[in-house]
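The following exercises are to be worked with the sequence and the structure in view. Each task is followed by a solution in steps.

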Amino acid sequence: MTTGPAPGPDDTEGAASPDELPSVAPQLRDLRRRAGLTLEAAAARARLSPAHLSRLETGRRQPSLPLLLGLARTYGTTVSELLGETPAVADPIVRAGGPGAREADGWTYWQAGGSGRGMQALRVHVPHGRSQGELVRVHPGEEWLYVLKGRLRLHLGEAEHLLDPGDSAHFDSLTPHRIAAAGADGTDLLFVHTLLQSGLADLCLGGTAPARHR
């Protein structure tokens with residue numbers, strides 16, 4: 001007799017009651033078919049038995065919230081999509097004079113892109129002589145910057161680069177890096193980075209709070 005994979009930690013969880021969560025059955029079936037996966041292959045990825053996944057897809061069982069998170073990771077989507085929620089359409093335009101300036105350890109920055117995206121765009125003023133320029137950062141993702149005004153000192157690994165207005169840099173954030181203003185008047189720059197490790201809100205350059213890093 002052929003059996004499926006051993007149940008994972010979520011396979012034996014009590015299901016949420018029907019009035020706690022909307023049915024995810026249609027979304028689960030659609031996502032699996034779009035991924036080109038058989039019931040057995042999808043169940044193995046989610047560490048569930050095929051019978052358990054079948055019950056979820058037919059609406060005979062509702063997943064708990066931890067199981068929803070695991071299924072969202074399996075199909076490369078979000079819990080909101082699994083629940084059939086329609087996300088609000090983000091405004092693609094950020095107007096001048098929009099979100100106000102914020103400051104962290106002397107670095108001033110303005111939002112230059114929309115929130116809830118896979119990357120963050122900022123306009124930044126880096127003052128001269130502040131301690132943030134001495135902090136070496138290493139984290140997943142990519143960074144791109146463009147010098148608007150002043151001169152920028154960029155350390156990438158063992159190399160040091162001086163960037164003038166109009167110069168730009170694009171690098172892997174796993175390379176140890178730090179940024180400092182090279183002139184007494186500081187440096188203004190445009191800065192874009194991917195959000196692979198940080199949360200999607202309240203990120204900043206030079207922040208010291210655990211949820212804020214660059």
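**Exercise 1: The sheet that contains strand 5**

Strand 5 and strand 6 are joined by five bridges and pair in the antiparallel sense. The model is a predicted one, in which local features need pLDDT of at least 70 and side-chain atom pairs count only at pLDDT 80 or more, whereas totals for chains, interfaces and linings use all residues. Residues are numbered from 1 along each chain as its sequence is written, and side-chain values use heavy atoms, with hydrogens and water left out.

Task: Establish the strand order of the open sheet of three strands, and identify its edge strands.

Solution.

Step 1. Fix the terms. Strands (E, at least two residues) and helices (H or I, at least four residues) are DSSP runs, numbered from the N terminus. Two strands pair if DSSP finds at least two bridges between them.

Step 2. Read the order. The three strands of this open sheet follow the order 6-5-8, with antiparallel pairing.

Step 3. Find the edges. Strand 6 and strand 8 (177-181) are the edge strands, each pairing on one side only.

Step 4. Add the twist. On average, neighbouring strands of this sheet are turned by 20 degrees against each other, direction ignored; the axes are lines fitted to C-alpha atoms, for helices over the stretch in contact, and angles run from 0 to 180 degrees between N-to-C directions.

Step 5. Locate one bridge. R153 has L162 in strand 6 as its bridge partner.

**Exercise 2: Salt bridges**

Task: State how many salt bridges there are, and describe those of R153, R151 and R32.

Solution.

Step 1. Apply the criterion. A salt bridge is a side-chain nitrogen of Lys or Arg within 4 Å of a carboxyl oxygen of Asp or Glu. The count by this rule is four.

Step 2. Take R153. Its side chain meets that of E160 in a salt bridge (3.0 Å, N to O). For burial, the classes are buried (under 20% relative accessible area), exposed (over 50%) and partly exposed (in between), with a 1.4 Å probe and protein chains only. R153 is partly exposed at 26%, and E160 is partly exposed at 45%.

Step 3. Take R151. A salt bridge joins the side chains of R151 and D164, at 2.9 Å from N to O. The pair links distant parts of the chain, 13 residues apart: R151 is in the loop between strand 4 (142-149) and strand 5 (152-156), and D164 is in the loop between strand 6 (159-163) and strand 7. D164 counts as partly exposed at 33% relative accessibility, as does R151 at 38%.

Step 4. Take R32. This residue forms a salt bridge with E57, with the closest N and O atoms 2.6 Å apart. Because R32 lies in helix 1 and E57 in helix 3, the pair ties together parts that are 25 residues apart in sequence. Both E57 and R32 are buried, R32 at 12% relative accessibility.

**Exercise 3: The two sides of helix 1**

Task: Which residues of helix 1 are buried, and what covers them?

Solution.

Step 1. List the buried residues. In helix 1 (residues 25-34) they are A25, L28, L31 and R32.

Step 2. View the helix down its axis. The buried residues fall within an arc of 135 degrees, so they line one face of helix 1; the arc is that of the directions from the helix axis to the C-beta atoms.

Step 3. Turn to the other side. The face turned away from the buried side carries the exposed residues R33 and R34.

Step 4. Identify the cover. It includes helix 2 (39-46), helix 3 (50-57), helix 4 (65-75) and helix 5 (79-82).

Step 5. Examine R32 by its contacts (heavy atoms within 4.5 Å). Residues up to four places away in sequence not being counted, R32 touches L37, T38, L39, A42, E57 and Y75.

Step 6. Follow the chain onward. Just after helix 1, G36 takes a positive phi of about 70 degrees.

**Exercise 4: The sheet of six strands**

Task: Give the strand order of the sheet with six strands, and explain why one side of strand 1 is left without a neighbour in the sheet.

Solution.

Step 1. Read the order. Six strands form this open sheet as 1-2-3-9-4-7, with antiparallel pairing.

Step 2. Examine the edges. Strand 1 (102-104) and strand 7 (168-172) each have a single partner strand, so one side of each lacks a neighbour in the sheet.

Step 3. Inspect one pairing. Strand 1 and strand 2 (residues 107-111) run antiparallel and are joined by three bridges. E103 stands opposite T108 in strand 2.
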